[in-house]
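Please consider the structure shown below together with its sequence. The paragraphs that follow lead through selected features, beginning with charged side chains and ending at the surface.

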Amino acid sequence: MAGFGVLILQVSLFGTGFVFVAQLAGVADCNSGRKPGDALEIDVTGLAIQLEHSFEVDDSVRFWVRGSVFLKPGRDGGALLSQNQLREEERNKLREVSSVDGLYRIRIPRKSGQTGAEDAYVTSFVRACSLVESHLSDVITVNTDVAGNIIGVSIVTLPGSCTGSEVEDVDLELFNTTLSIMGPSPAPVPETALFIERMEQEQAQKAKNPQEQKSFFAKYWMYIVPLVLFLMMSGAQDQGGAGGANGGGR
């Protein structure tokens, strides 16, 4: 069976982690009559974001379409990533860029359909040799704000090292991508209900024991009064002694 090189990944959105299901689309299906090279029909609704990449031997930047990210509606709607298969000339150029330790770049627009200015995109990059030696295995993370707007993107390869190992041409045809859509972590919520419950319990306990509602002086007057009297008497004695000493000196 032959594949025609579209990799579909379904991932969860905004979670602390992510779960993905990978499906190699386009494998010939004898039952359905689909032929290799036929496109799959995918029911995709939501926001479509174009994923582009650039890898040039002269280190210039020229972006080409790598695939599309479909952000499904809803906080837990998930996402789909559709990617094109690398053509032979693209594979050869990627090897050339890798041999000179060039960069592999990706970018996505901040908003769907937005093009033109450089600040309209968020970008990231890795060493091209790490992408080649990972057999096109990478992790792309799209960061969003609380409103769901795209504010950043990052890419890492698995593994991320460059050791100069040989890579077969067949390993540079299809991307093996893990996609993660990460929103901001929610701030901790104060335990208001628990605090109110504790206050109500304390009030109920005080109502049962009126003795606990007495003031500090009412509770400990028997200790405070003798201490005050002792201090007053000690002060009077000190003043009397000082006066006697002054009279004897004349």
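A salt bridge joins Glu-89 and Arg-87, with 2.9 Å between the closest N and O atoms. The coordinates behind this value belong to a predicted model. Arg-87 is classed as partly exposed because its relative accessibility is 47%, a value between the 20% and 50% limits of that class.

This pair belongs to a wider group of such interactions, as a search of the whole structure finds ten salt bridges. Another of them links Glu-52 to Arg-107, where the closest N and O atoms are 2.6 Å apart. Glu-52 is part of strand S3 (residues 47-54) and Arg-107 is part of strand S6 (residues 103-109), so this salt bridge ties together parts separated by 55 residues in sequence. What is the relative accessible area of Glu-52? The value is 10%, and Glu-52 is therefore buried. Its partner Arg-107 also counts as buried, because its relative accessibility is 12%. Both classifications rest on the cut-off of under 20% relative accessible area.

A further salt bridge brings together the side chains of Arg-62 and Glu-56, at 3.4 Å from N to O. Is each partner buried or partly exposed? Arg-62 has a relative accessibility of 39% and so counts as partly exposed, whereas Glu-56, at 9%, counts as buried. Through salt bridges that share partners, Glu-56 and Arg-62 are joined with Asp-58 and Lys-93 into one network.

The overall architecture provides the setting for these pairs. The protein contains four helices and ten strands. Read from the N terminus, the order of the elements is β-β-β-β-β-α-β-β-α-β-β-β-α-α. Of the contacts between residues at least 6 apart in sequence, 62% join residues at least 24 apart. Buried residues account for 30% of the 250 residues.

Strand S8 (residues 137-144) illustrates the covered part of the protein, since seven of its eight residues are buried. Which strands pair with S8, and in what sense? With strand S10 (residues 176-182), S8 pairs in the parallel sense over seven bridges. Within that pairing, Asn-143 has Met-182 of S10 as its bridge partner. With strand S9 (residues 150-157), S8 pairs in the antiparallel sense, again over seven bridges. Here Ile-140 stands opposite Ile-155 of S9. In a regular strand, side chains alternate between the two faces of the sheet. The hairpin formed by S8 and S9 has five residues between the strands, and Gly-148 takes a positive phi near 90 degrees in this hairpin.

The surface completes the description. The protein exposes about 15900 Å², of which carbon and sulfur atoms supply 56%. Which residues form a nonpolar patch on this surface? The patch consists of Tyr-220, Trp-221, Met-222, Tyr-223, Val-225, Val-228, Leu-229 and Met-232, which together have about 810 Å² of accessible area. Tyr-220 lies in helix H4 (residues 216-248). Why does Tyr-220 count as partly exposed? Its relative accessibility is 38%, and the partly exposed class lies between 20% and 50%. Membership of a patch of this kind requires over 30% relative accessible area, a limit that the 38% of Tyr-220 satisfies.

Note on methods:
Residues numbered from 1 in each chain as written. Predicted model: local features only at pLDDT ≥ 70, side-chain atom pairs only at ≥ 80, totals over all residues. Heavy atoms only, no water. Helix = DSSP H or I, 4+ residues; strand = E, 2+ residues; numbered from the N terminus. Buried < 20%, exposed > 50% of the residue type's maximum accessible area, 1.4 Å probe, protein only. Contact = heavy atoms within 4.5 Å. Areas by Shrake-Rupley, 256 points an atom, 1.4 Å probe, with all protein chains shown as cover. Pairing = 2+ DSSP bridges. Patch = residues over 30% accessible without salt bridge, like charges linked within 9 Å, V, L, I, M, F, W, Y side chains within 5 Å. Salt bridge = Lys/Arg side-chain N within 4 Å of Asp/Glu carboxyl O.
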